[in-house]
Amino acid sequence: MDRSVDEKRPSLTARARGRRPLLLVVPAGLLLAAFLAYPLQGILRESFRREGGIGLLFEDTYYLERGWFTLWQATVSAALTLLLAVPLAWLLACHAFPGKRTIEAVLMVPFVPPTIVVAVAFSALIGPSGVANDLLTRIPGIEEPPIRILNTVWAILLAHVFYNVAVAGRIIATGWRGLDSRVEESAAMLGAGPAARFFLITLPALRNSLLAAASLVFLFCFTSFGVVLILGGPQFGTLETEIYRESLFLFRLPVAGALALAQLVVTFAAIVINARFQQTTPQRTEARSTTPWDRKSAALGAAILALLLLLTAAPMAALVERSFHGGDGYTLRYYTMLDDNVRGQALFVAPIEAVRNSVVFALATVAVALPVGTLAAIGSVRARSTLAEALVQLPLGVSSVTLGLGFLVTMDQPPLNLRESPALVVIAHSLIAVPFVTRTVSARLRSLDPRLRDAAAMLGAGPARTFFAVEAPLLKGAIGVAAVLSFATSMGEFGATLLIARPEYPTIPVAIFRYLGQPGALNYGQALAMSTVLMAVTGSTFFLAERLVRVRTGGVP
């Protein structure tokens with residue numbers, strides 16, 4: 001036998017073994033092919049139809065104005081968010097104070113509820129009958145509500161900052177912790193003041209972290225749906241809300257497809273930019289040497305915390321307070337009425353059915369997304385395939401409204417005639433949840449000591465036995481976090497569900513939106529009550545996930 005053939009055989013065998021873990025990514029690949037790639041090609045096909053589509057976007061200034069406003073509000077929202085996120089990152093990265101971990105978790109609460117809950121919370125705070133105007137009109141001489149920013153761009157910007165400041169602060173703080181504090185100490189010894197050290201040394205060193213945070217916030221705000229739809233009103237529509245309007249109200253799918261295609265280009269560009277800067281951001285998370293508190297820094301830190309806690313707590317507290325406010329006193333009426341479907345309401349079923357539907361859909365989403373995402377994480381990490389992992393993350397680059405539009409366009413004919421099936425909601429939620437599962441599990445897999453697998457292999461254990469006996473017990477915490485994230489993602493999903501959910505199977509976010517669209521104090525009160533319930537559920541899942549992370553890491557931040 002030719003010796004050269006023998007010499008090549010081990011390398012071919014090793015290559016085959018290296019590809020074998022990629023088989024675990026196949027379920028995720030099939031899910032993406034059938035329910036992401038196929039709907040997206042349907043959108044692409046619709047967008048190039050002659051009777052509308054791409055050509056109309058350049059002919060009608062209305063759509064150009066919507067596109068410009070979408071870019072403008074996302075850019076301004078990101079800039080305003082960074083203005084508050086940098087001081088927050090300074091506190092988290094450079095100082096130690098009592099209750100720091102608790103405060104950090106509390107500040108993350110606004111990022112947990114769905115955007116529709118955020119919008120309703122701001123409506124409860126600054127709306128005409130909101131808490132702020134209610135208190136101000138009690139002042140002698142003030143008869144009309146003085147705060148009138150609902151359905152203005154300022155309400156949108158304020159809600160976006162509220163929603164994103166904590167996550168941006170965390171990203172920047174992670175990069176800040178990775179900086180060498182000795183450079184700043186040397187500059188201080190040479191006479192540089194705090195401002196000079198910050199602008200000349202720290203800020204340039206944080207460039208990648210700042211850009212990573214800014215690009216992520218831009219992405220969230222560019223595809224924002226619930227906040228713009230409820231707080232902005234029809235005069236401040238974005239590409240996302242326009243896709244919804246063109247699809248469900250004007251029935252112009254080619255125009256909606258063209259808008260979705262334009263949006264996809266921008267969102268994928270934002271994802272590429274974010275990934276680039278995330279990769280070059282220092283990921284060391286252990287505490288660096290903390291700056292001692294002096295009078296000025298303590299006062300500044302207290303002011304920053306007070307402002308951020310006020311921004312965080314006020315809308316959430318207003319939501320809860322208004323849900324019990326019956327006009328002439330406090331009442332449980334809006335909650336007790338959740339089990340009734342009185343005549344004239346916006347739903348075909350009792351509101352409590354929307355709660356049950358959301359829970360059922362969320363549990364089904366966990367049952368689909370958890371095994372698919374976990375297998376994809378194991379396969380991509382074992383095969384060391386960044387391409388496979390990147391493909392699984394593709395749903396993050398598609399807005400939920402665009403996903404729902406793709407389902408409307410393609411899921412009405414065999415072999416995927418699912419337009420009438422509630423299973424389509426579970427599929428949409430699972431697509432959105434799988435990337436979070438994969439990220440969570442793959443991060444934990446990479447942190448495991450590879451010597452554990454090597455030792456098991458030396459003792460004769462195969463790959464499957466090694467995984468179940470050695471790695472699976474160590475992954476329980478990460479899998480638990482992934483399950484909680486999947487459940488919360490499904491409970492709060494709004495954009496795609498609004499387009500594809502059957503009237504007899506509404507979810508909590510869809511029910512909230514429909515109640516808001518109906519006149520009357522009862523409908524508004526029930527929207528507030530359901531928003532409070534959804535906030536409580538998603539908030540609880542967040543704190544459960546935080547608890548699981550602490551147990552998994554032994555309390556190390």
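**Salt bridges, burial and a cavity: a guided reading**

Guide: Arg245 and Glu246 join their side chains in a salt bridge, with 3.8 Å from N to O. The model in view is a predicted one.

Visitor: How exposed or buried are the two partners, Arg245 and Glu246?

Guide: The cut-off matters here, because a residue counts as buried under 20% relative accessible area and as partly exposed from there up to 50%. Arg245, with a relative accessible area of 30%, is therefore partly exposed. Glu246 has 0% relative accessibility, so that residue is buried.

Visitor: Which residues are linked with Arg245 and Glu246 in a network of salt bridges?

Guide: Arg66, Glu242 and Arg252 are linked with Arg245 and Glu246 in that network.

Visitor: Why is helix 13 said to be largely enclosed by the rest of the structure?

Guide: The reading rests on a count of buried residues: helix 13 spans residues 239-248, and eight of its 10 residues are buried, so the rest of the structure largely encloses the helix. Among the buried residues are Glu242 and Glu246, which also belong to the network. Leu239, Glu240, Thr241, Ile243, Tyr244 and Ser247 are buried as well.

Visitor: How many salt bridges does the structure hold?

Guide: There are 13 salt bridges in the structure. One of them pairs Arg446 with Glu389, whose closest N and O atoms are 2.3 Å apart. Arg446 belongs to helix 20 (residues 423-447) and Glu389 to helix 18 (residues 386-392), so this pair ties together parts that lie 57 residues apart in sequence. Glu389 is buried, because its relative accessibility is 13%.

Visitor: What are the accessibilities in the salt bridge between Glu504 and Arg502?

Guide: The side chains of Glu504 and Arg502 meet at 3.7 Å, N to O. Glu504 is partly exposed at a relative accessible area of 35%, and Arg502 is partly exposed at 27%.

Visitor: Where is empty space left inside the structure, and how many cavities of 30 Å³ or more are found?

Guide: Rolling a probe the size of a water molecule over the atoms shows where empty space is left. In this structure, a search of the whole finds one cavity of 30 Å³ or more. The largest cavity holds about 30 Å³ of space. Its lining consists of Leu36, Pro395, Val398, Leu403, Leu431 and Ile432. By class, these are six nonpolar residues, with no polar and no charged ones.

Visitor: Which residues form a nonpolar patch on the surface?

Guide: Leu23, Val26 and Leu30 form such a patch, and together they have about 300 Å² of accessible area. Leu23 sits in the loop between helix 1 (3-19) and helix 2 (26-47). Leu23 is exposed, because its relative accessible area is 57%.

Visitor: Where do Tyr163 and His325 lie?

Guide: Tyr163 is placed in helix 8 (residues 153-177), and it is buried at a relative accessible area of 15%. Its C-alpha atom is 8.0 Å from that of Thr115, a residue 48 positions away along the chain. His325 lies in the loop between helix 15 (295-323) and helix 16 (333-336). His325 is buried, with a relative accessible area of 18%. The C-alpha atoms of His325 and Leu528 are separated by 9.9 Å, the two residues being 203 residues apart along the chain.

Methods: Residues numbered from 1 in each chain as written. Predicted model: local features only at pLDDT ≥ 70, side-chain atom pairs only at ≥ 80, totals over all residues. Heavy atoms only, no water. Patch = residues over 30% accessible without salt bridge, like charges linked within 9 Å, V, L, I, M, F, W, Y side chains within 5 Å. Areas by Shrake-Rupley, 256 points an atom, 1.4 Å probe, with all protein chains shown as cover. Salt bridge = Lys/Arg side-chain N within 4 Å of Asp/Glu carboxyl O. Helix = DSSP H or I, 4+ residues; strand = E, 2+ residues; numbered from the N terminus. Buried < 20%, exposed > 50% of the residue type's maximum accessible area, 1.4 Å probe, protein only. 1 Å grid on protein atoms, 1.4 Å probe; cavity = no way out; pocket = protein on both sides within 12 Å on 5 of 7 lines; lining within 4 Å. Points joined across faces, edges and corners; volume = space filled by probe spheres on them. Nonpolar A, V, L, I, M, F, W, Y, C, P; charged D, E, K, R; others polar.
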